[in-house]
Amino acid sequence: MAARFLHNKTAVATVTIVLVIAIIGIFAPFIAPNDPFKADIMNKYAPYSAQYPLGTDNLGRCILSRLIYGIRPTLGLAVLTMLGTLGLGGLMGLLAGYFRGMTEEIIMRVVDVMLSFPSQIMVFAVVALLGINVQNVILANVFIKWAWYARMIRTGVMQYRDKNFIQFSRCIGTPERFILIRHLMPSIASDLVVLASLDIGWAIINISTLSFLGLGVQAPTPEWGAMLNEAKNVLTSNPTQMIAPGIAIVVLVSAFNLMGDALRDILDPKEVNA
Amino acid sequence: MTADIQYKIKKETRLRAGHHFVYALLRALSVVVLITIAVFFLMRLVPGDPAVMVLGEHADEAEIQKLREQLMLNEPLSKQFAAFLGNIFLHFDTGDSIKYGVSSRDLVLQYAPVTLALVAYASVITVISAVILAFLAATHKDSLIDHAIRVIPAFTQGMPVFWIGLILISVFAVNLGWFPVGGVGSGMGGFWHSLTLPAVTIALGQIPSLVRSLREQLLEIMDADFVLTLRAAKIPESVIFRKHIFKNAFVPTLMLFSVNLSYMIGGTLIIERVFAVRGMGKLLFDAISNRDFPLVQAVTLYCAVFVVLISLITELIAAKADPRMRQKEKSFGNNAG
């Protein structure tokens, strides 16, 4: 597996990019050249310089520092969203696929309905009605996404639940919990990893969109979507302010998308035997 | 004898089509009902008094009581719910806006036309360019055009649509001055002219996935045996394309487009905000910041019903155009059971 991973250039490159971005985010206070909140109003709209490598925004704050601090909410919230989605969707999918019968019928009917929900509009509705804060943004995104995972994981579980190794395990009296966690979970893990890394990109875009609309992370917290919202207000006077946060989003999302594709190639069982 | 069999087959097909229609209708209805329920209970889940949240902490006690009366918050939950459902399903009444004091339905009807025009404009751009690009890519497979058409979307997929909008504004509106920066122009020409940039922005978000799917479909069908047979029979290439290949690629593309339409409506609301278009997006986001709960509920419901209706219609068109789609339901049911 490790050799296959190192062999795949896209995988190595994208994982490196994501890790570097994450590390920069974690060590933001040591790396950022300036305080992301400190407004230097005399120097607003400053061009690129040694003191402000990416210039300053409409309040004279260092754009690079804000970008670096912005990694934390952007990436952190996306990861939290995916963990929530995987947790809820995974649980429902496992239960439906393994226990069948009534459990499955109920869960899958709910999933059917959730999949026909107009998702983007429901996100707005959930955030609007529950109140605008970060916690509700995550809730809303998990709410509209879990059903996809439930269905996917159920299909995966159904492929494995009647395989010999699981039947044998059941035969010798292994508890259901053990079968679910130690036999079924590892079998479907690779599918999940691929799907999750593709969808983190989706989550990043969704969260930054909500912040851009003023429904997510609130100013003055540096978040890429919120930074673009501020840039929008000064679009005519300082059009360059929107470039850096936008490119940051594109790089991170593309890295996750390409990583998902590469991981799929690596983890594809058909290739392993070849 | 043959006539008898033919009659039986015909009858059976009609029956199955009828089943399909009922099934699709029931599913659409259940989604609408569930969305209604969700929209109702989401507001009640909020900790604290909605009336206080609307009017603020320091509002007059009498004012708060009045609003509580208006929102029926003093009644038991079951009664509120019954009234809410009754008003919606019997009178098509989604309650009055708190901020504007008029019926939310009238507000939606007033703001909806711009949004519908924008969605229609964007759909036309999307479909025309997707068909042309996919056609080019499929007929020139593995050429430079094909690669370009396939590689560029990989990058655009990582772009937030609102950012594309900002770039288009700064290039075509601020720098070149070809289009207005925002708002809706007056007169027929001005109206469509001012909607061009937003429509293009929305379309740019939709085109990649549509092109990719349509290209795959076209390639698959172009390789099919029946196309080879048609070629062997010296049917003109243009006829094969028009009557056979496109017809086969139409239904899957339509289905994908209808799935995307749900995102497109959501995207339109966002893009309206970027371009300061006074449509449903403005109504919704203003309602959110004013904590105008009935209006938020109304806009959500109307948008959701619109999306559900469109997907119901496309599903029925697809079933009509391609008999294989009617069979899908059955195999799907088998998988589920």
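What share of the 337 residues of chain B counts as buried? In this predicted model, the share is 42%. For chain A, buried residues amount to 53% of 274 residues.

Both chains are built from helices. Chain A contains twelve helices and zero strands, and its elements, taken from the N terminus, follow the order α-α-α-α-α-α-α-α-α-α-α-α. Chain B contains 13 helices, again with zero strands, and its pattern along the sequence is α-α-α-α-α-α-α-α-α-α-α-α-α. Along the principal axes, the C-alpha atoms of chain A occupy a box of roughly 75 × 50 × 25 Å. The accessible surface of chain A is about 12300 Å², with 67% belonging to carbon and sulfur atoms. Chain B exposes about 17700 Å², and carbon and sulfur atoms account for 66% of that area. When contacts between residues at least 6 apart in sequence are considered, 70% of those in chain A join residues at least 24 apart; the corresponding value in chain B is 71%.

The interface of the two chains was examined next. Chain A contributes 42 residues to the contact and chain B contributes 46 residues. About 3900 Å² is buried between chain A and chain B, and 76% of this area comes from carbon and sulfur atoms. On the side of chain A, the residues that lose the most area to chain B are Ile121(A), Leu129(A) and Leu213(A), which together make up 17% of what that side buries. The rule finds zero salt bridges across the interface of chain A and chain B, while two residue pairs are in polar contact between these chains, both at pLDDT 80 or more. Six helices of chain A each supply at least two residues of the side that touches chain B, namely H5 (101-116), H6 (119-130), H7 (134-160), H9 (176-212), H10 (224-233) and H11 (243-267). Helix H6(A) gives the largest share of that side, with ten residues. By residue class, the side of chain A that touches chain B comprises 26 nonpolar, nine polar and seven charged residues.

Thr300(B) offers a view of the interface from chain B. Thr300(B) belongs to helix H12 of chain B, which spans residues 293-321. Leaving aside residues up to four places away in sequence, Thr300(B) touches Ile121(A), Met122(A) and Ala125(A), together with Val39(B). Thr300(B) counts as buried because its relative accessibility is 2%, under the 20% limit. A polar atom of its side chain lies 2.6 Å from the backbone oxygen of Val296(B).

A second threonine of chain B, Thr196(B), is located in helix H8 (residues 187-222). With a relative accessibility of 15%, Thr196(B) is likewise classed as buried. The side chain of Thr196(B) places a polar atom 3.0 Å from the backbone oxygen of Trp192(B). Thr196(B) touches Tyr121(B) and Phe179(B), residues up to four places away in sequence not being counted. Thr196(B) and Ile125(B) are separated by 71 residues in sequence, and their C-alpha atoms are 9.7 Å apart.

Side chains of opposite charge can pair when their charged atoms come close. Over all chains, the search of the whole structure finds seven salt bridges. One of them joins Arg66(A) and Glu230(A), whose closest N and O atoms are 3.5 Å apart. This pair links distant parts of the chain, with Arg66(A) in helix H4 (residues 63-99) of chain A and Glu230(A) in helix H10 of chain A, 164 residues apart. Arg66(A) is buried at a relative accessible area of 1%, and Glu230(A) is buried at 13%.

Lys145(A) pairs with Asp199(A) in a salt bridge with closest N and O atoms 3.7 Å apart. Lys145(A) is in helix H7 of chain A and Asp199(A) in helix H9 of chain A, so the salt bridge ties together parts 54 residues apart in sequence. Lys145(A) is buried with 8% relative accessible area, and Asp199(A) is buried with 13% relative accessibility.

In chain B, Asp146(B) and Arg215(B) form a salt bridge whose closest N and O atoms are 2.9 Å apart. Because Asp146(B) is in helix H6 (residues 144-156) of chain B and Arg215(B) in helix H8 of chain B, the pair ties together parts 69 residues apart in sequence. Asp146(B) is buried at 0% relative accessibility, and Arg215(B) is buried at a relative accessible area of 5%. In chain A, salt bridges that share partners join Arg61(A), Arg66(A) and Glu230(A) into one network.

Note on methods: Residues are numbered from 1 along each chain as its sequence is written. Chains are lettered from A and ligands numbered from 1 in the order in which they are written. Side-chain values use heavy atoms; hydrogens and water are left out. Contact means heavy atoms within 4.5 Å. Buried area is the accessible area (1.4 Å probe) that two parts lose on being put together, summed over both. A salt bridge is a side-chain nitrogen of Lys or Arg within 4 Å of a carboxyl oxygen of Asp or Glu. A polar contact is a pair of N or O atoms within 3.5 Å; within protein, one must be able to donate a hydrogen and the other to accept it, and residues adjacent in sequence count only if both atoms are side-chain atoms. Helices (H or I, at least four residues) and strands (E, at least two) are DSSP runs, numbered from the N terminus. Ala, Val, Leu, Ile, Met, Phe, Trp, Tyr, Cys and Pro count as nonpolar, Asp, Glu, Lys and Arg as charged, and the others, Gly among them, as polar. Buried means under 20% relative accessible area, exposed over 50%, partly exposed in between (1.4 Å probe, protein chains only). Accessible areas come from the Shrake-Rupley method with a 1.4 Å probe; for residues, only the protein chains shown count as cover.
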